[in-house]
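This report covers contacts between chains, between domains and between individual side chains. The structure is shown first.

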Amino acid sequence: MRAAMNTKRNLVTAALVAPAAAWLTVFLVLPFIAMLVFAFGERAPEGGYQVAFTFAQFANLPTRAAAFWNTLLLAPTGALLCLIVAYPVAYYLAVKANPRYRLILVSLVVVPFWTSLLVRTYAWMYILGSRGIPNLLSMIGIEDVRMLNTPGAVLLGIVYGYLPLMIMPIYVSLERLDRRLLEASADLGAKPVSTFFGVTLPLSLPGVMTGVALVTILLLGEYLIPQLLGGGKVFFIGNALVDLFLQSRNWPFGSAIAVTLVAVVVVVLMVAMRIAWRVAGTRQVDLV
Amino acid sequence: MRAFISSVYLFLYAPIALVVLFSFNAGRNASEFTGFSTAWYAKALSNTFLVSALQNSLIIAFTSAALAAVFGTMAALGMERLSSRMRALFDALFAAAIVVPGVVIGIATLVALVAVFSFVNPTIAALWPGDQPPRLGLGYGSIIAAHGLFSMALVAMIVKARIASLGRDIVEASSDLYATPLTTFRLIVLPQILPSILAGFLLAFTFSFDDFIIAFFVAGSKTTLPIYVFASIRRGVTPEINAIATLVLVASLLLILTARVLMREKKSKSGE
């Protein structure tokens, strides 16, 4: 009787997780294996893939070094710029803001993240493009200012696109901060500045780590922002991948780059988790 | 400090507002507003390519979000009954589905599907009795599959968090009163997790509707709205794109605001 009930329970459990398990296997695990196989293959003469086992694709990676350098330089720089803008906002929302308006102010930060990144990046293309600010500048006599297709434009787009994602985890860690610690610090004679650097900042570090890791990881795979605001002059790994897959149809080389990108993401993730564990326990972040 | 905060909010919203404003501009210039007009909307909506891209996007977003809502919820319910090792495996795979960059998901799905098709299509052709064997290819199915992956992970994450905050006692009380597990689920558990499922569905819909990079790889000859917008932007910035962008913004705004209201309800209820 008991055994029968156990069997039935196991069957129900299996039935519940089966569709997701199948989906994860067919559309996540298998594609990764396929990508790995492709990365060790050769390009067919007409493009696409040809069966082989060679390390040639990985040996070829240095030819795309520029894309890797741009990504590895601009992704962390962008994340740090985000952090500089995000921290004061998160601090204000969690500590200073009037509780009556807090929810609305937080919503106003989250909502842009869930609206089309394409449209939000397009907005800056519109503003920085020749009919936008440069046109206004030429009206007051400043001619030939180029804003689009510069590293600055890409960084601006990055801060604009990923600011909400940086603010949220920091806000959450600051909001959960025990106010009595701040009072205790003040009672013991600490000035607000030393309370901030001695108590508030260290306790919000897990949020800061989560935000920096999250934004950096997403930026490593960014395509749209460098494509639209960098205009082919400032390109990321993502742009090299689109070029290799959809233009020159060199799938094995593209797969090798994609595999390398995943390796970089995993390394960043592991370093971030290491630091996060050392700083404090991990906290869950509401992204919605 | 307040001045800084205000300027950040201005920074977040002014560019979007500008796009919306200039979608109503009679002229073509981005630097001067020459008069109010809805002509660009009329032009956009009479564009058959645009309308069919919109239709494709809606079909794909609805299907992938619905599949994700059902299967993601089932997974969330099933996962807590699994052994801790299996649960950790599911958690890791779902996390991977969310963290792996979209560009990699797109590529991996593309190479896997093309490899499968190159094997399956000749097989079907050899076995097919008629003259015109069906051919599998990229299209609706591949986009729905790839979007469904991220969305399922998203729904599972949201619903799992909700289940974790549910009181066990009420479920136990229900079974003590001789309710079958199915009745308990229908009357006790489902009503409490429904807002989270709906919120997950709406977020999944929003994700799919706005995604460009995954669809770009696996769409084959199908065009989704973001792919259409991207292609138009490359041909040149026009106020017509502003009009389309405004429509996309309004759609995502409605979806995300509804999702937030649903999630809020959940939070205030669980706070009791």
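In this predicted model, the count of salt bridges between domain 1 of chain B and domain 2 of chain B is zero. Polar contacts do occur across that interface: the rule finds two residue pairs, both at pLDDT 80 or more. By class, the side of domain 1 of chain B that touches domain 2 of chain B has four nonpolar, two polar and one charged residues.

The domain assignment of chain B places residues 1–37 in domain 1 and residues 47–270 in domain 2. Taken over C-alpha atoms, the centres of domain 1 of chain B and domain 2 of chain B are separated by 32 Å. Contact between domain 1 of chain B and domain 2 of chain B involves seven residues of each. The area buried between domain 1 of chain B and domain 2 of chain B is about 570 Å², and carbon and sulfur atoms give 70% of it. On the domain 1 side of chain B, B:Val19, B:Ser23 and B:Arg28 lose the most area to domain 2 of chain B, together accounting for 62% of what that side buries.

**Chain A and chain B**

The contact between the chains takes 77 residues from chain A and 80 residues from chain B. Chain A and chain B bury about 7400 Å² between them, with 81% of it on carbon and sulfur atoms. Helix H1 (residues 2–39) of chain A supplies 19 residues, the largest share of the side of chain A that touches chain B. The residues on that side of chain A divide into 62 nonpolar, 11 polar and four charged. Between chain A and chain B there are zero salt bridges, while 10 residue pairs, both at pLDDT 80 or more, are in polar contact.

**Salt bridges**

Over all chains, the count comes to four salt bridges. Three of them are listed here.

| Pair | Closest N to O distance |
|---|---|
| A:Arg180 and A:Asp178 | 2.9 Å |
| B:Lys43 and B:Glu240 | 3.5 Å |
| B:Lys160 and B:Asp91 | 2.5 Å |

In the chain A pair, A:Arg180 is exposed, with a relative accessible area of 60%, and A:Asp178 is partly exposed at 31%.

The salt bridge between B:Lys43 and B:Glu240 joins helix H2 of chain B to helix H11 (residues 239–270) of chain B, so the pair ties together parts that are 197 residues apart in sequence. B:Lys43 is partly exposed at 44% relative accessibility, whereas B:Glu240 is buried at 12%.

For B:Lys160 and B:Asp91, the salt bridge links helix H6 (residues 140–164) of chain B with helix H4 (residues 84–99) of chain B, the two residues being 69 residues apart. B:Lys160 is partly exposed at 29% relative accessibility, and B:Asp91 is partly exposed at 32%.

**Two buried residues of chain B**

B:Asn47 sits in the loop between helix H2 (39–45) and H3 of chain B. With a relative accessible area of 15%, B:Asn47 falls under the 20% cut-off and is therefore buried. Apart from neighbours within four places in sequence, B:Asn47 is in contact with B:Tyr228 and B:Glu240.

B:Ala65 belongs to helix H3 (residues 48–79) of chain B and is buried, with a relative accessible area of 0%. Beyond neighbours within four places in sequence, B:Ala65 is in contact with B:Phe201, B:Ala204 and B:Phe205. The C-alpha atoms of B:Ala65 and B:Phe207 are separated by 8.9 Å, although these residues are 142 residues apart along the chain.

How values were computed
Residues numbered from 1 in each chain as written. Chains lettered and ligands numbered in written order. Heavy atoms only, no water. Contact = heavy atoms within 4.5 Å. Buried area = accessible area lost by both parts, 1.4 Å probe. Salt bridge = Lys/Arg side-chain N within 4 Å of Asp/Glu carboxyl O. Polar contact = N/O pair within 3.5 Å; in protein donor to acceptor, adjacent residues only side chain to side chain. Helix = DSSP H or I, 4+ residues; strand = E, 2+ residues; numbered from the N terminus. Nonpolar A, V, L, I, M, F, W, Y, C, P; charged D, E, K, R; others polar. Buried < 20%, exposed > 50% of the residue type's maximum accessible area, 1.4 Å probe, protein only. Domains from an automatic or database assignment.
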